[in-house]
Amino acid sequence: MSFMKGDLLTKTRKLVKGLAKTEPLWLKAMEQAPPVTFTRAEGKIMSISLPEDVYINKFFKKHPESKYEDPIKISGLDAPPARIFGWRVLELKEQGVGEEEAMAVADMEYRSEKKARKKAYSRLKQIAKLQGKKPPPNPYPSAVKEIQAEERKFVRDRFSNPEILRIVEKMKEERAADMQDRRGAGGW
(Lines give C-alpha, C1' and ligand atoms only; values in the text may rest on other atoms or scores of the structure.)
Protein backbone atom coordinates (compact mmCIF):
# COMPACT_ATOMS: atom_id res chain seq x y z
CA MET A 1 0.00 0.00 0.00
CA SER A 2 2.98 2.31 0.25
CA PHE A 3 2.87 3.14 -3.46
CA MET A 4 -0.60 4.73 -3.12
CA LYS A 5 -1.09 8.29 -2.01
CA GLY A 6 -3.24 9.18 0.95
CA ASP A 7 -3.85 8.03 4.47
CA LEU A 8 -4.95 4.59 5.68
CA LEU A 9 -8.64 5.34 5.14
CA THR A 10 -8.14 6.51 1.54
CA LYS A 11 -5.87 3.60 0.66
CA THR A 12 -8.26 1.04 2.14
CA ARG A 13 -11.22 2.57 0.25
CA LYS A 14 -9.27 2.29 -3.01
CA LEU A 15 -8.35 -1.34 -2.36
CA VAL A 16 -11.95 -2.27 -1.46
CA LYS A 17 -13.37 -0.37 -4.46
CA GLY A 18 -10.89 -2.10 -6.79
CA LEU A 19 -11.83 -5.48 -5.29
CA ALA A 20 -8.23 -6.06 -4.22
CA LYS A 21 -9.29 -6.47 -0.61
CA THR A 22 -12.43 -7.44 1.26
CA GLU A 23 -14.05 -4.68 3.25
CA PRO A 24 -12.62 -4.69 6.78
CA LEU A 25 -15.01 -4.44 9.74
CA TRP A 26 -13.59 -1.13 10.90
CA LEU A 27 -13.99 0.71 7.57
CA LYS A 28 -17.58 1.97 8.09
CA ALA A 29 -16.84 3.15 11.62
CA MET A 30 -13.73 4.91 10.42
CA GLU A 31 -15.65 6.60 7.58
CA GLN A 32 -18.19 7.94 10.08
CA ALA A 33 -15.50 9.29 12.42
CA PRO A 34 -12.31 9.73 10.37
CA PRO A 35 -9.03 10.32 12.17
CA VAL A 36 -7.66 13.82 12.45
CA THR A 37 -5.32 14.73 9.62
CA PHE A 38 -2.47 17.12 10.19
CA THR A 39 -1.31 19.45 7.47
CA ARG A 40 2.27 19.03 6.37
CA ALA A 41 4.75 21.84 6.48
CA GLU A 42 5.11 23.46 3.10
CA GLY A 43 8.63 23.88 1.84
CA LYS A 44 11.76 23.95 3.90
CA ILE A 45 11.71 23.70 7.69
CA MET A 46 13.14 26.81 9.27
CA SER A 47 16.09 26.39 11.60
CA ILE A 48 15.82 27.69 15.14
CA SER A 49 18.06 30.63 15.83
CA LEU A 50 18.51 32.47 19.09
CA PRO A 51 19.56 36.11 19.47
CA GLU A 52 22.94 35.14 20.92
CA ASP A 53 23.83 32.76 18.06
CA VAL A 54 25.52 35.55 16.09
CA TYR A 55 27.88 36.24 18.99
CA ILE A 56 28.47 32.55 19.65
CA ASN A 57 29.70 32.17 16.05
CA LYS A 58 31.97 35.19 16.49
CA PHE A 59 33.24 33.70 19.75
CA PHE A 60 34.17 30.43 18.03
CA LYS A 61 35.91 32.34 15.22
CA LYS A 62 37.97 34.19 17.80
CA HIS A 63 38.53 31.15 20.06
CA PRO A 64 38.40 28.02 17.86
CA GLU A 65 40.22 25.99 20.54
CA SER A 66 37.26 26.56 22.85
CA LYS A 67 35.19 24.04 20.89
CA TYR A 68 37.47 21.34 22.23
CA GLU A 69 38.61 22.80 25.55
CA ASP A 70 35.22 23.77 26.93
CA PRO A 71 33.05 20.66 26.86
CA ILE A 72 29.30 20.94 26.49
CA LYS A 73 27.70 18.75 29.11
CA ILE A 74 24.35 17.61 27.75
CA SER A 75 23.10 16.66 31.20
CA GLY A 76 24.85 19.52 32.97
CA LEU A 77 23.18 22.68 34.18
CA ASP A 78 26.05 25.03 33.37
CA ALA A 79 25.88 26.75 30.00
CA PRO A 80 28.92 26.46 27.71
CA PRO A 81 31.29 29.45 27.73
CA ALA A 82 30.30 30.46 24.19
CA ARG A 83 26.65 30.82 25.18
CA ILE A 84 27.61 32.77 28.32
CA PHE A 85 29.68 35.05 26.07
CA GLY A 86 26.67 35.62 23.81
CA TRP A 87 24.36 36.32 26.75
CA ARG A 88 26.87 38.77 28.23
CA VAL A 89 27.17 40.66 24.93
CA LEU A 90 23.39 40.94 24.67
CA GLU A 91 23.16 42.07 28.29
CA LEU A 92 25.76 44.79 27.73
CA LYS A 93 24.06 45.91 24.52
CA GLU A 94 20.75 46.28 26.41
CA GLN A 95 22.56 48.56 28.85
CA GLY A 96 23.53 50.84 25.96
CA VAL A 97 27.09 49.67 25.31
CA GLY A 98 28.16 49.42 21.66
CA GLU A 99 28.53 46.01 20.03
CA GLU A 100 32.33 46.11 19.68
CA GLU A 101 32.83 47.29 23.26
CA ALA A 102 30.37 44.68 24.56
CA MET A 103 32.24 41.93 22.71
CA ALA A 104 35.57 43.19 24.04
CA VAL A 105 34.28 43.22 27.64
CA ALA A 106 32.74 39.76 27.32
CA ASP A 107 35.96 38.45 25.76
CA MET A 108 38.03 39.97 28.58
CA GLU A 109 35.73 38.33 31.15
CA TYR A 110 36.05 34.95 29.40
CA ARG A 111 39.84 35.17 29.31
CA SER A 112 40.10 36.26 32.95
CA GLU A 113 37.80 33.41 34.07
CA LYS A 114 39.84 30.91 32.08
CA LYS A 115 43.07 32.29 33.57
CA ALA A 116 41.59 32.17 37.09
CA ARG A 117 40.63 28.50 36.61
CA LYS A 118 44.16 27.61 35.51
CA LYS A 119 45.63 29.56 38.42
CA ALA A 120 43.31 27.85 40.92
CA TYR A 121 44.28 24.40 39.66
CA SER A 122 47.99 25.19 39.74
CA ARG A 123 47.54 26.39 43.34
CA LEU A 124 45.75 23.11 44.20
CA LYS A 125 48.71 21.20 42.76
CA GLN A 126 51.17 23.29 44.79
CA ILE A 127 49.26 22.64 48.02
CA ALA A 128 49.14 18.90 47.30
CA LYS A 129 52.88 18.91 46.58
CA LEU A 130 53.64 20.71 49.84
CA GLN A 131 51.55 18.19 51.75
CA GLY A 132 53.27 15.31 49.95
CA LYS A 133 50.03 14.09 48.38
CA LYS A 134 49.14 13.20 44.84
CA PRO A 135 47.73 16.23 42.99
CA PRO A 136 43.95 16.15 42.52
CA PRO A 137 42.49 15.59 39.07
CA ASN A 138 41.92 18.71 37.04
CA PRO A 139 38.42 20.02 37.77
CA TYR A 140 38.40 21.74 34.38
CA PRO A 141 39.76 19.15 31.94
CA SER A 142 39.47 19.64 28.21
CA ALA A 143 36.76 17.72 26.39
CA VAL A 144 39.35 15.84 24.34
CA LYS A 145 41.17 14.65 27.46
CA GLU A 146 37.89 13.55 29.07
CA ILE A 147 37.01 11.47 26.01
CA GLN A 148 40.50 9.99 25.87
CA ALA A 149 40.28 9.04 29.55
CA GLU A 150 36.97 7.25 28.92
CA GLU A 151 38.40 5.40 25.91
CA ARG A 152 41.70 4.47 27.55
CA LYS A 153 40.31 1.33 29.20
CA PHE A 154 38.96 0.11 25.85
CA VAL A 155 42.29 0.75 24.15
CA ARG A 156 44.11 -1.29 26.78
CA ASP A 157 41.39 -3.95 26.72
CA ARG A 158 42.08 -4.84 23.10
CA PHE A 159 45.44 -6.36 24.05
CA SER A 160 44.17 -8.60 26.85
CA ASN A 161 40.52 -9.43 26.15
CA PRO A 162 40.40 -13.04 24.85
CA GLU A 163 37.25 -12.38 22.82
CA ILE A 164 38.91 -9.53 20.95
CA LEU A 165 42.09 -11.57 20.48
CA ARG A 166 39.97 -14.38 18.95
CA ILE A 167 38.39 -11.91 16.52
CA VAL A 168 41.83 -10.58 15.55
CA GLU A 169 43.12 -14.12 14.92
CA LYS A 170 40.06 -14.88 12.79
CA MET A 171 40.61 -11.70 10.76
CA LYS A 172 44.28 -12.62 10.24
CA GLU A 173 43.29 -16.09 9.02
CA GLU A 174 40.71 -14.61 6.62
CA ARG A 175 43.28 -12.14 5.29
CA ALA A 176 45.82 -14.95 4.78
CA ALA A 177 43.17 -17.03 2.97
CA ASP A 178 42.35 -14.04 0.73
CA MET A 179 46.01 -13.58 -0.10
CA GLN A 180 46.29 -17.29 -0.98
CA ASP A 181 43.26 -17.02 -3.24
CA ARG A 182 44.69 -13.96 -4.98
CA ARG A 183 48.05 -15.63 -5.53
CA GLY A 184 46.37 -18.77 -6.85
CA ALA A 185 44.01 -16.85 -9.17
CA GLY A 186 46.72 -14.53 -10.45
CA GLY A 187 48.82 -17.35 -11.87
CA TRP A 188 51.76 -16.91 -9.54
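1. Two residues are taken to be in contact when heavy atoms of theirs lie within 4.5 Å. By that criterion, and leaving aside residues up to four places away in sequence, T12 touches P24, W26 and L27. T12 belongs to helix α1. Its relative accessible area is 1%, and T12 is therefore buried, the limit being under 20%. The structure under discussion is a predicted model.

2. Secondary structure and overall form. The protein has eight helices and zero strands, and from the N terminus on its elements run α-α-α-α-α-α-α-α. The radius of gyration is 31 Å, well over the 16 Å that the globule rule gives for 188 residues, so the protein is more spread out than a compact globule. Taken along the principal axes, the box filled by the C-alpha atoms is roughly 90 × 75 × 40 Å.

3. Burial, surface and contacts. Of the 188 residues in the protein, 17% are buried. The accessible surface comes to about 16000 Å², and carbon and sulfur atoms contribute 58% of that area. Among contacts with a separation of 6 or more, 42% are between residues 24 or more positions apart.

4. Charge. The protein carries 39 positive and 28 negative charges, and the mean positions of these two sets are 3 Å apart. How many salt bridges does a search of the whole structure find? The search gives nine. One group of residues, E52, D53 and R83, is linked in a network of salt bridges. Three individual pairs are taken up in the points that follow.

5. The pair R13 and E31. A salt bridge joins R13 to E31, with 3.2 Å between the closest N and O atoms. This pair links distant parts of the chain, since R13 sits in helix α1 (residues 8-17) and E31 in helix α2 (residues 27-32), 18 residues apart. R13 is partly exposed, its relative accessible area being 38%. E31 also counts as partly exposed, at 35% relative accessibility.

6. The pair K58 and E99. K58 and E99 form a salt bridge whose closest N and O atoms are 2.9 Å apart. K58 lies in helix α3 (residues 53-62) and E99 in helix α6 (residues 99-131), so the pair ties together parts that are 41 residues apart in sequence. K58 has a relative accessibility of 32% and counts as partly exposed. E99, at 31% relative accessibility, is likewise partly exposed.

7. The pair E65 and K114. In the salt bridge between E65 and K114, the closest N and O atoms are 3.9 Å apart. Distant parts of the chain are linked here too: E65 is in the loop between α3 and α4 (66-69), K114 is in helix α6, and the two are 49 residues apart. Is each partner buried or exposed, or in between? E65 counts as partly exposed, at 32% relative accessibility. K114 counts as buried, because its relative accessibility of 17% falls under the 20% limit.

8. K118 and its surroundings. K118 is a residue of helix α6, and with 59% relative accessibility K118 counts as exposed. Between K118 and Y140 the C-alpha to C-alpha distance is 8.3 Å, for a sequence separation of 22 residues. E146 is placed in helix α7 (residues 143-160). With a relative accessible area of 24%, E146 is partly exposed. The C-alpha atoms of E146 and K118 are separated by 17 Å, the two residues being 28 residues apart along the chain.

9. Backbone geometry at L19. L19 is not a glycine, yet its phi is positive, at about 60 degrees. Where is L19 found? L19 is in the loop between α1 and α2. At 76% relative accessibility, L19 counts as exposed.

10. Points to check on the display. For the region of α1 and α2, the salt bridge of R13 with E31, the contacts of T12 with P24, W26 and L27 and the positive phi of L19 may be viewed together. For helix α6, the residues to locate include E99, K114 and K118. The overall form may be judged against the radius of gyration of 31 Å, which is well over the 16 Å of the globule rule.

Conventions: Residues numbered from 1 in each chain as written. Predicted model: local features only at pLDDT ≥ 70, side-chain atom pairs only at ≥ 80, totals over all residues. Heavy atoms only, no water. Helix = DSSP H or I, 4+ residues; strand = E, 2+ residues; numbered from the N terminus. Rg over C-alpha atoms; globule rule 2.2 N^0.38 Å. Buried < 20%, exposed > 50% of the residue type's maximum accessible area, 1.4 Å probe, protein only. Areas by Shrake-Rupley, 256 points an atom, 1.4 Å probe, with all protein chains shown as cover. Lys, Arg positive; Asp, Glu negative; His and termini not counted. Charge placed at Lys NZ, Arg CZ, Asp CG, Glu CD. Salt bridge = Lys/Arg side-chain N within 4 Å of Asp/Glu carboxyl O.
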